[in-house]
Amino acid sequence: MTLPSTYTPAPGHRFNVGDRVVIKRAFPPGHRRTPYYIRGKGGVIERICGAFPNPEELAYGFDGEPAKVLYRVRFQQTHVWPDYTGPARDVIEMEIFEHWLAPASGRAKAKRPTQSG
Amino acid sequence: MSTQPINKGPHDLGGAAAGPIDTTDHGMKFWEKQANALRSTLGLKKIVRVDELRRAAEDLGDQYYKLAYFERTTMALRTLLIEKGLITEAELTARMAEVRARFDVPAAAAAPARKSAGR
């Protein structure tokens, strides 16, 4: 059974599913929604979640417009945690806004995730 | 670059040692229910946003884990209501004194913050 998507449209998105990206290694003050440990790490776009008002602006009373495109990004656990002892195939996924992403060279070799993921 | 994390909020715990987790359900005290209802109502009325509340809580810094959950969220609400000019610090202080008197609370009663609460 297919449930209707709750995702919002994301016109003008910069990245596509399967693109390799690097999370910006930046440490600005303020209300930042990108976990510290993932900054500077490389991952693959798993899906485009939609466009949403920017929480980094909403936090200070602004309206969060223009909306920012949100992606779900997939990372290898062994890459994120150098001392990771679990299986090498383990991944962690998290949702990151476009302005935190930079393109990485090359396309993902890994199989594209299925829609039902 | 410094080994000290720059601008890392107290909420940003990924990768930190976890330690034991207290899973006891402590229920909600009367004031916690009232504070939570006020916070929910102000959210529904679009007077405060969850993003603003989180920001105000994260800005508590070292206080973040010294406060219990509802103390932290209530401190955040206090910050926002003063910031938005809906109440003043003086009004709040006066009202707190009035309520203390009404319930015969000693003026020197300890602040609600619990030093050992949380992690």
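**View 1. Chain B of this predicted model, seen through its contacts.** Take the contacts in chain B between residues at least 6 apart in sequence: 62% of them join residues at least 24 apart. Chain B holds four helices and zero strands. Along the sequence the pattern reads α-α-α-α. The chain has 119 residues, and buried residues make up 13% of them.

**View 2. Helix 2 of chain B and its packing partners.** This helix covers residues 50-58. Its buried residues are B:Asp51, B:Glu52, B:Leu53, B:Arg55, B:Ala56 and B:Ala57. What do they pack against? One partner is helix 3 (69-83) of chain B, and the other is helix 1 (55-58) of chain A. Helix 2 of chain B thus brings us to the place where two chains meet.

**View 3. The contact between chain B and chain A.** On the chain B side, 13 residues take part; they are in contact with twelve residues of chain A. What kinds of residue does chain B bring to this contact? Eight are charged, three are polar and two are nonpolar.

**View 4. The largest nonpolar core.** This core has 15 residues. Six of them touch the most other members: A:Ile45, A:Tyr71, A:Val73, A:Ile96, A:Trp100 and A:Leu101. Four strands of chain A each supply at least two residues: strand 1 (19-23), strand 2 (42-52), strand 3 (68-76) and strand 4 (91-97). Which strand gives the most? Strand 3 of chain A does, with five residues. Another core, of seven residues, lies apart from this one. Its members include B:Leu53, B:Ala57, B:Ala76 and B:Leu77. Two of these, B:Leu53 and B:Ala57, also appear among the buried residues of helix 2 of chain B.

**View 5. The surroundings of A:Tyr71.** Set aside the neighbours within four places in sequence. A:Tyr71 is then in contact with A:Phe15, A:Ile45, A:Ile48, A:Cys49, A:Glu95, A:Ile96, A:Glu98 and A:Leu101. Among these partners, A:Ile45, A:Ile96 and A:Leu101 are listed with A:Tyr71 as residues that touch the most other members of the largest core.

**View 6. Strand pairing in chain A.** Strand 1 and strand 2 of chain A pair in the antiparallel sense, over three bridges. Here A:Val22 stands opposite A:Gly42 of strand 2. How many bridges join strand 2 of chain A to strand 3 of chain A? There are seven, and these two strands also run antiparallel. At one position, A:Arg47 has A:Arg72 in strand 3 as its bridge partner. In a regular strand, side chains alternate between the two faces of the sheet.

Key. Residues are numbered from 1 along each chain as its sequence is written. Chains are lettered from A and ligands numbered from 1 in the order in which they are written. This is a predicted model: local features need pLDDT of at least 70, side-chain atom pairs count only at pLDDT 80 or more; totals for chains, interfaces and linings use all residues. A residue is buried if 20 or more other C-beta atoms lie within 10 Å of its own, exposed if 12 or fewer, and partly exposed in between; C-beta atoms are placed from the backbone. Two residues are in contact if their C-beta atoms, placed from the backbone, lie within 7 Å. Ala, Val, Leu, Ile, Met, Phe, Trp, Tyr, Cys and Pro count as nonpolar, Asp, Glu, Lys and Arg as charged, and the others, Gly among them, as polar. A nonpolar core is a set of buried Ala, Val, Leu, Ile, Met, Phe, Trp, Tyr and Cys residues joined through C-beta atoms within 7 Å. Two strands pair if DSSP finds at least two bridges between them.
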